[in-house]
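User: I would like to go through this model and ask why each feature earns its label. Could you take me through it?

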Number of protein chains: 2
Amino acid sequence: MSDQQVKKFPSDIEISRAAKLLPIAKIAANIGIDPEDIIPYGKYKAKIPLSYINEDKIKESNLILVTAVTPNKAGVGKTVTSVASSLGLNYIGKKTAVALREPSLGPCFGMKGGAAGGGYSQVLPMDEINLHFTGDFHAITCANNMIAALLDNYQYQNRKNDKGLERIVWRRVLDVNDRSLRQIVTGLGGTGNGIPTEAGFDITTASEIMALLCLATDLDDLLARIERIVLGFRFDKTPFTVKDLGVAEAITVLLKDAIMPNLVQTTENTTAFIHGGPFANIAHGCNSVIATKMAMSSNEYVVTEAGFGSDLGAEKFLDIKCRLTGLTPKATVIVVTTGALKLHGGVADGEISKPNKEAMITGLGNLRRHINNMKEFGQSVIVSFNRHKHDNDDEVGYLENWCGEEGVAFAINNGFTTGGEGAAALGKKIVEVVENNPSKPINFAYDLEDSIGTKIEKIAKRVYKAGEVTFSQTVENKIKSYTKNGWANLPICIAKTQYSFSDDPKRVNAPEGFSLHIRDIVIQAGAGFIVAIAGEIMRMPGLPEDPQAYRIKLVDGEIEGLS
Amino acid sequence: MSDQQVKKFPSDIEISRAAKLLPIAKIAANIGIDPEDIIPYGKYKAKIPLSYINEDKIKESNLILVTAVTPNKAGVGKTVTSVASSLGLNYIGKKTAVALREPSLGPCFGMKGGAAGGGYSQVLPMDEINLHFTGDFHAITCANNMIAALLDNYQYQNRKNDKGLERIVWRRVLDVNDRSLRQIVTGLGGTGNGIPTEAGFDITTASEIMALLCLATDLDDLLARIERIVLGFRFDKTPFTVKDLGVAEAITVLLKDAIMPNLVQTTENTTAFIHGGPFANIAHGCNSVIATKMAMSSNEYVVTEAGFGSDLGAEKFLDIKCRLTGLTPKATVIVVTTGALKLHGGVADGEISKPNKEAMITGLGNLRRHINNMKEFGQSVIVSFNRHKHDNDDEVGYLENWCGEEGVAFAINNGFTTGGEGAAALGKKIVEVVENNPSKPINFAYDLEDSIGTKIEKIAKRVYKAGEVTFSQTVENKIKSYTKNGWANLPICIAKTQYSFSDDPKRVNAPEGFSLHIRDIVIQAGAGFIVAIAGEIMRMPGLPEDPQAYRIKLVDGEIEGLS
């Protein structure tokens, strides 16, 4: 939530509750989906069969990517901007859907904040979307842990012969922030309880099942990806997959509903698809391919977002998701706030609401880097400014002028406070760019045929502006082994801090010439990429001292405390 | 599945698939529920708001309890008999619903077998019911583990002061058979990962959340029960509850949909409510109070089941669920097979399909004990015989005669092979008993005011026919502490083997005068009972050498391998 809201500006949940929702069958009918074909989950949510993907219509639709500058801790409002963009486009007469990621229960009950937008730019029903929604995360949790149980059982049943594995790399997941489960020992209490093993849980969004579900193109592709998941290694060092375990089909059965996109609506009854929510760090961090394509099958414009700043989210969106699918955004929106710019200009996070034009100007180096990176990918860029009440006209005017001088489109987004009307200027700017100056074909950061090391270096040098990349001995060894296993041609998914172009969260603005250290790589053959880890990565968050759960409650049948 | 099926008799999934399902709104309308009020989950499942519980109509409805003799390993067909009874009653013109428990994914993917009935006595859509259904088990898993994470976080945040707990008794759950998770150590890997703690996972059906959801009478009662859950004990030995943790309301929010009963249909499009599935061992093992009451609010007859033999399931149904709600079954159906009787007559489990009248006659001691026990509770009894193809007329005739001599109603149930028509005789017998000789008010096995020890002794002596009950020192101490904490007036839920009236699974038939040893007791203040443990209890099953998951798959969009 932004502090754009003036006194008495209603809370997200109040706005959500006051909205007049249309039956989901009506929302479906609006985009040509036969109400008989939808699979309702209550009155305002539905799953849509994959048959509503139409490749011909996808070619006619305009995909808009929303990304951001390097964010401050509170974020710069990417989801709000995505929803607002779609409202603005609809407001000016363009049939538009927004395609978003599903929220995770962990953060909802931990730090305040779901992922359903905010103010008058929300997807609804916000509370149901933030809670169990249509059960996708539960199905993924279940599939992930069913594999773990079957794998441990395989080890247990083969404990007296040589068919067991030397090393297991598969971890369990739960959709909760639970630091105690990061590192555990299982199988204690005697031989009847399995084999004592070091193990651990990640949050569900970090599951490879989540990543591959979001990249699968249909049910057959889903099965093929599940088959390829690497669970561990045999004593002869060869990989052992879900196919080898013999349960890929059973796991696919658990995901047969989860693969269908979820249709909901915005605060202005326009179309929203919300599907999948892979970690924006160790995975590619954008919604499902299937949902994006389904949204494009029935809309002139589709707005979608990619996690964190453009160095993480947009790079993966383009190099992984777009390369896989052939999709190309016609334009990329970069979200910026004066607060984030001041942070990059050297101001402490707690002070970024105060006027400081000089720091803002210094911080423009970060925005320029993101703009130039996106341009290098071939993208036409629109800078979308999220105005907050502490902003002054002098700073905003300077920013607008600066964008003009840089030759990049600029718009102020007031979607949070006034919905589609407030985002109409942004919508117009998007249409202007798409119609007159759309993005060029994607200039990928690397070729799939490059070696694993070269791919990592190309991303680091071209996108992050690293001077050099170093690899740990583990990584060197794994590169050899992965290449031998035939995984060298997979794309790369770099896991690093979202707070800097470098691997050091303290190096704000636009650092260059630094050394990026890759300490580990991880094969995700099911998702179809190699994760390269730079720095420390948290795959299971913890709860804060004062979790949001202390404030969530039902009052007269309505939920309080979600946002 | 029974071996009543002749060659080429279709499989459960084939019958399920061939059935012509009615839209769930139509099923709802049949029992007076406004289609606008239902919350659909796809076309054939719906949740029904609690407002459809009508206390006046409940008084006019006839509740029928289905229980069984002490079962053999494969079971005697209690769910099939429950569904068949409802089909038979509908067949003869009585408006009847069946109220069942939800299946667990663990056994579905482990040992072959869901819990949706079988043959032509099934609840449908069988595959969806056996998989994620409407997400109730996932919501319960999530609520249970959210409490665990918040509790561990409480310990972590208070690690430097004296507010932390000395002992945690709350365990995590997953809906999977995973022996490796029974006993684990969490919080490893350094201080950032919490405090190293002995912990473990049970299967979701064993969660206290499951038990209390099934006993809650409305949303307020659900909240009150969640508040009372004991999570551990402080250093001064006082209990620490979910209310003390401050998250009861947030956890209730996670369960606000799960508390609503699920409406589905049978193979003959009659009404089925399927809701909740507490362990029939450490919990009370019957479907939710809310679903039973909702089914009774709109049907002349409601058939429901209680887990395992009558010594476990029916005793808890009567002493816990009926005492709590004031419900009284008008009749109790005891399911019997010649196979189970032969087992009690001394035949090995693998040989019970062979003719052996003498052994069957010996085994009648077990049936007589169950009949007499139910009569002592005040129940009017009908013995329902599940005929299998290996049965011969001589044995069946003897059994029928024997029941006549014992003065107990008897019917042959052919619902598995021929649905309602095959269960019509059973239906008629039920109506006959209800109309001419209904059960008397329940003669409970104990009074709530009895001491904890006395209550356990009364169940053991009256129902199990134990000669004496011994308590471990732990139990003696806990009884004192529980009494001090004000829990002495709670009912008792005994956890013991389902294969014998005693605590020794090998003592078949009708043992008496044995000594029953209570090795532990556990407070479940949220569920509202004290669990008394006699013998070894498995709260988390393991997978077999050849799990059913190896055979579950999608073929042309249809699921194979579930039953």
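Analyst: Gladly; below we take the labels one at a time, starting with the ground rules. This is a predicted model, in which local features need pLDDT of at least 70 and side-chain atom pairs count only at pLDDT 80 or more, while totals for chains, interfaces and linings use all residues. Residues are numbered from 1 along each chain as its sequence is written, chains are lettered from A and ligands numbered from 1 in the order in which they are written, and side-chain values use heavy atoms, with hydrogens and water left out.

User: Why is the pair Arg172(A) and Asp178(B) called a salt bridge?

Analyst: The term asks for a side-chain nitrogen of Lys or Arg within 4 Å of a carboxyl oxygen of Asp or Glu. In Arg172(A) and Asp178(B) the closest N and O atoms are 3.0 Å apart, so the pair meets the rule. Across the interface of chain A and chain B the rule finds two salt bridges, and a search of the whole structure gives 56 over all chains.

User: What makes Asp221(A) and Arg225(A) a salt bridge, and where do they lie?

Analyst: Their closest N and O atoms are 2.9 Å apart, therefore the same cut-off is met. Both residues lie in helix α9 (residues 219–228) of chain A, four residues apart, about one turn of the helix. Helices here are DSSP runs (H or I, at least four residues) and strands likewise (E, at least two), numbered from the N terminus.

User: How do you know how much area is buried between chain A and chain B?

Analyst: The size of an interface is often given as the accessible area lost when the parts come together. Buried area is the accessible area (1.4 Å probe) that two parts lose on being put together, summed over both. For chain A and chain B that gives about 5600 Å², with carbon and sulfur atoms giving 65%. Counting contact as heavy atoms within 4.5 Å, each side is represented: 64 residues from chain A and 64 residues from chain B.

User: How many residue pairs are in polar contact between the chains, and what makes a pair count?

Analyst: There are 29 such pairs between chain A and chain B, both residues at pLDDT 80 or more. A pair of N or O atoms within 3.5 Å is needed; within protein, one must be able to donate a hydrogen and the other to accept it, and residues adjacent in sequence count only if both atoms are side-chain atoms. Among the elements giving two or more residues to the side of chain A that touches chain B are β1 (39–40), α5 (105–109) and α7 (136–157) of chain A. The most comes from α7(A), with eleven residues.

User: What makes the crossing of α8(B) and α9(B) right-handed or left-handed?

Analyst: A crossing is left-handed if the near helix is turned anticlockwise from the far one by less than a right angle, and right-handed if clockwise. The crossing of α8(B) and α9(B) is right-handed. Helix α8 (residues 208–215) and helix α9 (residues 219–228) of chain B pack at about 150°, with axes 9 Å apart. Axes are lines fitted to C-alpha atoms, for helices over the stretch in contact, and angles run from 0 to 180 degrees between N-to-C directions.

User: Which handedness does α15(B) show as it passes α16(B)?

Analyst: That crossing is right-handed too. The axes of helix α15 (residues 357–376) and helix α16 (residues 393–406) of chain B come within 11 Å and cross at roughly 35°. Residues meeting there include Leu364(B) in α15(B) and Trp402(B) in α16(B).

User: Where is Pro125(A), and what kind of peptide bond joins Leu124(A) to this proline?

Analyst: A cis peptide bond joins them, with omega about -5°. Pro125(A) sits in the loop between β6 (121–124) and α6 (126–130) of chain A.
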